[in-house]
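Q: Could you walk me through this model, starting with how two of its helices pack?

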Amino acid sequence: MKIVQKVLAFVGLLSLSALFIYALQDAPTDENFEKKLINDYNVYALQVPDDLNFAGEPMPLKNPDILERMDRELLVNTYWQSNGLLMFKRAKKYFPIIEPILKKHGIPDDFKYLAVIESGLTNAVSPAGAKGFWQIMKVTGRENGLEVNDNVDERYHLEKATEVACKYLLRSKKKLGSWTLAAAAYNAGVAGISRKLRDQKVSDYYDLLLIEETGRYIFRIVALKEILSNPSKYGFNFRDKDLYNNVPTYKVAVDSAVTNFPKFAESFGINYKILKLHNPWLRESHLNNKSKKLYTIDIPEKGYYNVQ
């Protein structure tokens, strides 16, 4: 009996020691980060939080249909781990650019997650021809003051495109009455959402029967908001140095044509590729500028790129 007690005591001590060691290793510090990468994968059912909202407008999660749809998006986006980590990395780089513009226009901060689901925070191009972080169509861009042609396409200019998105969202909110419906209209159009509300005799997004893309739209935004706001809760482990950062730039004013951007870039100690990385709205290797328009071109500060 005493031998059994001693064995059990020894096993208990080993278990406590293992738990203690695991607890010490749990946080993703430099010392244990590589160890955590090995055999550290599990799949769990997720608990949908009770108080999810979009732009301060609560989701009716007591409705079983809404709960299931929210659960789906949390699961899909939590366990698409590679994409999730990329969103954390890019958000560190681009949210500081988007957030102050939203705030300036009185747009709720939650709308930065709309850009996440629209483009993955990349200069994406849709099959329909929408472009940039905010997936702006050519007509919409031009109607809102963007230059869009083969030489210059300001839909790829993050600051200017965010301004256009804000204008569209403010008009949508005024027309439809809620931020949730305004967000849905960014996907389906104000006229499309208005018609669905009228035809189905409802006044709320969550009561609408919609095509799959628009029907998932708000749920995807809220899922990304929840996950990106609570990384450890959803199993994402990273250090600040794992995230992407913006390279500081300064602006160079140009009010005439530029015949050769590779040569222009060289004069600032960079190459053409780096110039285009920081100015994706410049679509060709030259700038026509027959109207003598004033453009500002971003040039990275010295010391960030090793240029041959």
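**Helix packing, a pocket and some backbone details**

A: In this predicted model, α4 and α7 pack at an angle of about 35° with their axes 10 Å apart; axes are lines fitted to C-alpha atoms, for helices over the stretch in contact, and angles run from 0 to 180 degrees between N-to-C directions. Helices (H or I, at least four residues) and strands (E, at least two) are DSSP runs numbered from the N terminus.

Q: Is the crossing of α4 and α7 left-handed or right-handed?
A: α4 passes α7 in a right-handed crossing, that is, with the near helix turned clockwise from the far one by less than a right angle.

Q: And which residues make the contact?
A: From α4 they are Tyr 94, Ile 97, Ile 98, Ile 101, Leu 102 and Lys 104, and from α7 they are Leu 158, Glu 159, Thr 162, Glu 163 and Cys 166, where contact means heavy atoms within 4.5 Å. By class these are seven nonpolar, one polar and three charged; Ala, Val, Leu, Ile, Met, Phe, Trp, Tyr, Cys and Pro count as nonpolar, Asp, Glu, Lys and Arg as charged, and the others, Gly among them, as polar.

Q: Before we go on, what should I know about numbering and confidence limits?
A: Residues are numbered from 1 along each chain as its sequence is written, and side-chain values use heavy atoms, with hydrogens and water left out. As this is a predicted model, local features need pLDDT of at least 70 and side-chain atom pairs count only at pLDDT 80 or more, whereas totals for chains, interfaces and linings use all residues.

Q: Okay, pockets: what volume does the second largest one have?
A: Its volume is about 490 Å³, taken as the space filled by probe spheres set on grid points that are joined across faces, edges and corners. On a 1 Å grid over the protein atoms alone, a pocket is an open set of points where a 1.4 Å probe fits, with protein on both sides within 12 Å along at least five of seven lines, and lining residues have an atom within 4 Å of a point.

Q: What lines that second largest pocket?
A: The lining has 21 residues, and those nearest the centre are Tyr 94, Asn 246, Leu 277, His 278 and Pro 280. α4 (81–104), α7 (158–176), β3 (249–254) and α12 (272–278) each give two or more residues to this lining, which by class has ten nonpolar, six polar and five charged residues.

Q: Switching topic, how many residues of α8 are buried?
A: Eight of the ten residues in α8 (residues 179–188) are buried, meaning under 20% relative accessible area with a 1.4 Å probe and protein chains only. Trp 179, Leu 181 and Tyr 186 are among them, and the buried residues of α8 pack against β1 (53–54), β2 (57–58), α5, α7, α9 (190–200) and α10 (212–229). Just after α8, Gly 189 takes a positive phi of about 90°.

Q: Which residue other than glycine has a positive phi?
A: One of them is Gln 135, with phi near 50°, in the loop between α5 (112–119) and α6 (138–143). Another is Asn 289, at about 50°, in the loop between α12 and β4 (295–300). Gln 135 counts as buried at 13% relative accessibility, and Asn 289 is buried at 5%.

Q: What about Glu 73, buried or exposed?
A: Glu 73, in helix α3 (residues 64–78), counts as buried at 2% relative accessibility. Leaving aside residues up to four places away in sequence, Glu 73 touches Arg 216, Phe 219, Arg 220 and Ala 223.

Conventions:
Buried means under 20% relative accessible area, exposed over 50%, partly exposed in between (1.4 Å probe, protein chains only).
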